[in-house]
Amino acid sequence: MRKRFGQHFLVDRHFIGRIVAAIDPRPGDAMVEIGPGLGALTAPLVDRLAHLHAVEIDRDLAARLAERFPAERLTVHVGDVLAFDFASLPERLRVVGNLPYNISTPLLFRLAGFAARLADCTFMLQREVVDRMVAAPATADYGRLSVMLQHRFAMTKLFDVPPGAFRPRPKVDSAVVRMVPRPADELGLHDPALFAAIVAAAFGQRRKTLRNALSRIVGTGTMERAGIDPGARGETLPVADFVRLANAATAEPRGGAGSPG
Ligand code: SAM
């Protein structure tokens, strides 16, 4: 087991079956599995698909998988998924995996950048991360991850998976989540970089009002014209309000306190 690669392998047949049923692979699907490891999910996926791609950083595990499955059924890409070019695989790509938890947040942000090419994602993650992904405004779990991902994906928490389903046992509970990209024409965002900067600033200091947290990026006049109370805190703002605020800020020349983050 290589700790630095977050290797906790699924061994419980019940949960392996439930995850594969949730993925519901169809023979013609274009699919990539992140972190196939010893192949707990890989084997049942290869059984049901014409072909599967997998991205695995551990050379020894990748070699074992390449020996076990014929190349026409499984392509193993050896390397770091954070550097993997998902655009090199077919469109309408389905992405699945029991993710290495230490890289889950940067991986989710990276996948958001490829969302227009994806059909869906089904991931097992640390349960706390899934709770943050699907959190509603004004709850303790609602934060930057919730807003950035909910803007780009419709997300559903499917079920929890206990530590006993893995070898070695992780210290944390896990959960399975499904993510379906929202159609690009529904996003309605004029400047994604400004949106990202506003969301990051709004949650940078959670207890601050928007007036203070965003003082360097958005003036209170713009907030008021967007129908947003400058005295509110970012943690209470629904995703649609962040979009409206970012679009209002894009539409207006910015001056005064500073440049856009
Ligand atoms: N899918 C297997 C299972 O369910 O039993 C293994 C899951 S284990 C939690 C995570 C897997 O991701 C390991 O095989 C690990 O080597 C691999 N991994 C870790 N970091 C990675 C990275 N940056 N890029 C690609 N694979 C990675």
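Visitor: By about how much are D241 and R244 separated in helix α11?
Guide: Happy to begin there, keeping in mind that this is a predicted model. D241 and R244 are three residues apart in helix α11, so the separation between them is about one helical turn.

Visitor: How many Å, N to O, is the salt bridge of D241 and R244?
Guide: Here the two side chains meet each other. Their N to O distance lies within the 4 Å allowed for a salt bridge, and for D241 and R244 the value is 3.0 Å.

Visitor: Is D241 buried or exposed?
Guide: Its relative accessible area is 17%. The cut-off for the buried class is under 20%, so D241 counts as buried.

Visitor: And which class does R244 fall into?
Guide: R244 has a relative accessible area of 38%. That value lies between the 20% and 50% limits, so R244 is partly exposed.

Visitor: Which residues are joined into one network by salt bridges that share partners?
Guide: Good one to look up in the viewer! Shared partners link several salt bridges into a single network. Its members are R127, D131, K157, D160 and D173.

Visitor: How many residues apart are R206 and E235?
Guide: The side chains of R206 and E235 form a salt bridge, 3.1 Å from N to O. This pair connects distant parts of the chain, with R206 in the loop between α8 and α9 and E235 in the loop between α10 and α11. Along the chain, they are apart by 29 residues.

Visitor: With which other residue does E235 form a salt bridge, the closest N and O atoms being 3.1 Å apart?
Guide: E235 is buried at 9% relative accessible area, while R206 is partly exposed at 28%. The other partner of E235 is also partly exposed, at 29%, and that partner is R233.

Visitor: What share of its area does the protein bury when the ligand is bound?
Guide: Nitrogen atoms of the ligand lie 3.4 Å from a backbone N or O atom of P36, 3.3 Å from one of I57 and 2.9 Å from a polar backbone atom of V81. Taken alone, the ligand exposes 600 Å². Of that area, the protein buries 98%.

Visitor: Which elements give two or more residues to the shell around the ligand?
Guide: The ligand sits in the largest pocket. Two strands meet that mark: β1 (9–10) and β3 (52–56).

Visitor: Which residues are closest to the ligand?
Guide: In total, 23 residues surround the ligand. The closest of them are Q7, L10, G35, E56 and N98.

Key:
Residues are numbered from 1 along each chain as its sequence is written. This is a predicted model: local features need pLDDT of at least 70, side-chain atom pairs count only at pLDDT 80 or more; totals for chains, interfaces and linings use all residues. Side-chain values use heavy atoms; hydrogens and water are left out. Helices (H or I, at least four residues) and strands (E, at least two) are DSSP runs, numbered from the N terminus. Buried means under 20% relative accessible area, exposed over 50%, partly exposed in between (1.4 Å probe, protein chains only). A residue is near a molecule or strand if one of its heavy atoms lies within 4 Å of it. A polar contact is a pair of N or O atoms within 3.5 Å; within protein, one must be able to donate a hydrogen and the other to accept it, and residues adjacent in sequence count only if both atoms are side-chain atoms. Accessible areas come from the Shrake-Rupley method with a 1.4 Å probe; for residues, only the protein chains shown count as cover. On a 1 Å grid over the protein atoms alone, a cavity is a set of points where a 1.4 Å probe fits but cannot get out, and a pocket is an open set with protein on both sides within 12 Å along at least five of seven lines; lining residues have an atom within 4 Å of a point. A molecule sits in a cavity or pocket if more than half of its atoms lie within 2 Å of its grid points.
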